[in-house]
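Me: Let's go through this model by question and answer. Keep the replies short.

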Amino acid sequence: MTVGGELHIYADRAALALAAARRWETIARDAIAARGRCRVALAGGSTPRALYALLASADWRARIDWRATHLWFGDERCVPPDHPDSNYRMARESLLDAIDIAPAQVHRIEAERAPEAAAQAYSDVLQTQFAPPAGTAPRFDLLLLGLGPDGHIASLFPESPLLDEQRRWVGACEVARLDAWRISLTFPVLNAARHVLLLVAGEDKADIVEAVLGTDADNRTRPAYPVERLRPQGQLEWLLDEAAAARLGLRSGVAR
Ligand code: 6PG
């Protein structure tokens with residue numbers, strides 16, 4: 001069950017963040033030229049923080065046309081927006097407070113609400129903003145994702161009932177291992193994206209990277225990990241640092 005996509009390996013987190021920023025800049029330029037705007041779904045967790053901080057820096061913040069950008073969230077923890085675990089708070093502190101983007105163009109998941117109500121409300125905003133053709137899912141120009149050590153992406157965890165969701169665009173789920181509720185985009189939306197950047201860094205990801213991209217994966221016919229259900233209509237690119245790619249026996253560069 002080999003997950004497709006291009007594999008890019010970078011010496012360290014800083015090089016990975018720079019590469020991701022350059023890809024964002026190119027994808028955004030093309031999206032804005034073609035459709036007048038760029039719609040980005042941000043990843044949560046810790047890995048993207050270096051990317052967001054780079055984009056917020058004086059050298060970079062003017063390189064993205066934030067007036068034509070709409071920022072969304074791939075998932076959210078069910079906490080208030082100022083909670084230390086909030087993905088919105090992480091994005092606000094590392095990026096949003098430093099860039100000139102209209103608040104109406106930042107679409108936060110209202111995860112302080114009851115989980116199912118928050119999921120429905122986010123889906124309603126997706127419908128209003130994207131108005132996709134009937135039977136199709138909202139297509140992000142750029143979807144950023146991280147990868148958990150258990151192979152989860154967004155908040156689509158192993159054994160989650162959301163893994164098989166093919167109709168709803170946003171779901172709420174309790175994650176027993178975290179004793180927490182999460183809101184997440186579902187695979188119909190993730191797989192509709194034009195460009196997906198999977199940002200994976202750190203030696204704690206080496207095992208899951210090997211499990212998903214190593215030779216053993218070729219012998220699997222069914223997805224063993226949530227990330228193996230990722231089949232975007234558009235381009236999928238893995239951006240790894242050498243620590244995360246350590247078990248693949250590959251060095252920096254385009255490995256595939
Ligand atoms: C979240 C993310 C989640 C994250 C992975 C990797 O809300 O935590 O959406 O999917 O991307 O757990 O997290 P790190 O980047 O912190 O390793």
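Phi, sheet, ligand and burial

Reply: One point before we start: this is a predicted model. D179 sits in the loop between β6 (170-175) and β7 (180-185).

Me: Is D179 buried or exposed?
Reply: Exposed means over 50% relative accessible area. D179 counts as exposed because its relative accessibility is 65%.

Me: What is the phi of D179?
Reply: Most residues other than glycine have a negative phi. D179 is not a glycine, yet its phi is positive. The value is near 50°.

Me: Where is A131, and what is its phi?
Reply: A131 is found in the loop between α4 (115-130) and β5 (142-146). A131 is not a glycine, and its phi is positive. The value is about 45°.

Me: What is the strand order of the open sheet of 3 strands?
Reply: The sheet is open and its pairing is antiparallel. Its order is β4-β7-β6.

Me: Which strands stand at the edges of that sheet?
Reply: An edge strand here has a single partner strand, so one of its sides is left without a neighbour in the sheet. From one strand to the next, the twist averages 20°. The edge strands are β4 (75-77) and β6.

Me: Which residue of β7 is the bridge partner of V170?
Reply: β6 and β7 pair in the antiparallel sense, over 6 bridges. In β7, the partner of V170 is L185.

Me: What angle does the direction of α4 make with that of β6?
Reply: α4 packs on the sheet. The helix touches β6 and β7. Its direction and that of β6 make an angle of about 155°.

Me: How many residues surround the ligand?
Reply: The closest are S46, T47, R77, A154 and K205. The ligand is surrounded by a total of 15 residues.

Me: How far is an oxygen atom of the ligand from a polar side-chain atom of T47?
Reply: For S46, an N or O atom in the side chain is 2.7 Å from a ligand oxygen. For A154, the contact comes from a polar backbone atom, at 2.6 Å. For T47, the side-chain distance is 2.6 Å.

Me: What share of the ligand's exposed area does the protein bury?
Reply: The ligand taken alone exposes 410 Å². Of that, the protein buries 88%.

Me: Why is α6 largely enclosed, and which strands help to cover its buried residues?
Reply: α6 (residues 206-213) is largely enclosed because 6 of its 8 residues are buried. These are A206, I208, V209, A211, V212 and L213. Their cover includes β1 (6-10), β8 (195-200) and β9 (235-241).

Me: What separates the C-alpha atoms of Q233 and R194?
Reply: Q233 lies in the loop between α6 and β9. At 58% relative accessible area, Q233 is exposed. Along the chain, Q233 and R194 are 39 residues apart. Their C-alpha atoms are separated by 6.5 Å.

Me: What separates the C-alpha atoms of A111 and C78?
Reply: A111 is in the loop between α3 (87-94) and α4. A111 is buried, at 2% relative accessibility. Its contacts include E76, R77, C78 and I183. A111 and C78 are 33 residues apart along the chain, and their C-alpha atoms are separated by 4.6 Å.

Definitions and conventions. Residues numbered from 1 in each chain as written. Predicted model: local features only at pLDDT ≥ 70, side-chain atom pairs only at ≥ 80, totals over all residues. Heavy atoms only, no water. Helix = DSSP H or I, 4+ residues; strand = E, 2+ residues; numbered from the N terminus. Buried < 20%, exposed > 50% of the residue type's maximum accessible area, 1.4 Å probe, protein only. Pairing = 2+ DSSP bridges. Axes fitted to C-alpha atoms, helices over the stretch in contact; angles between N-to-C directions. Contact = heavy atoms within 4.5 Å. Near = heavy atom within 4 Å. Polar contact = N/O pair within 3.5 Å; in protein donor to acceptor, adjacent residues only side chain to side chain. Areas by Shrake-Rupley, 256 points an atom, 1.4 Å probe, with all protein chains shown as cover. Lists of a residue's contacts leave out its neighbours within four places in sequence.
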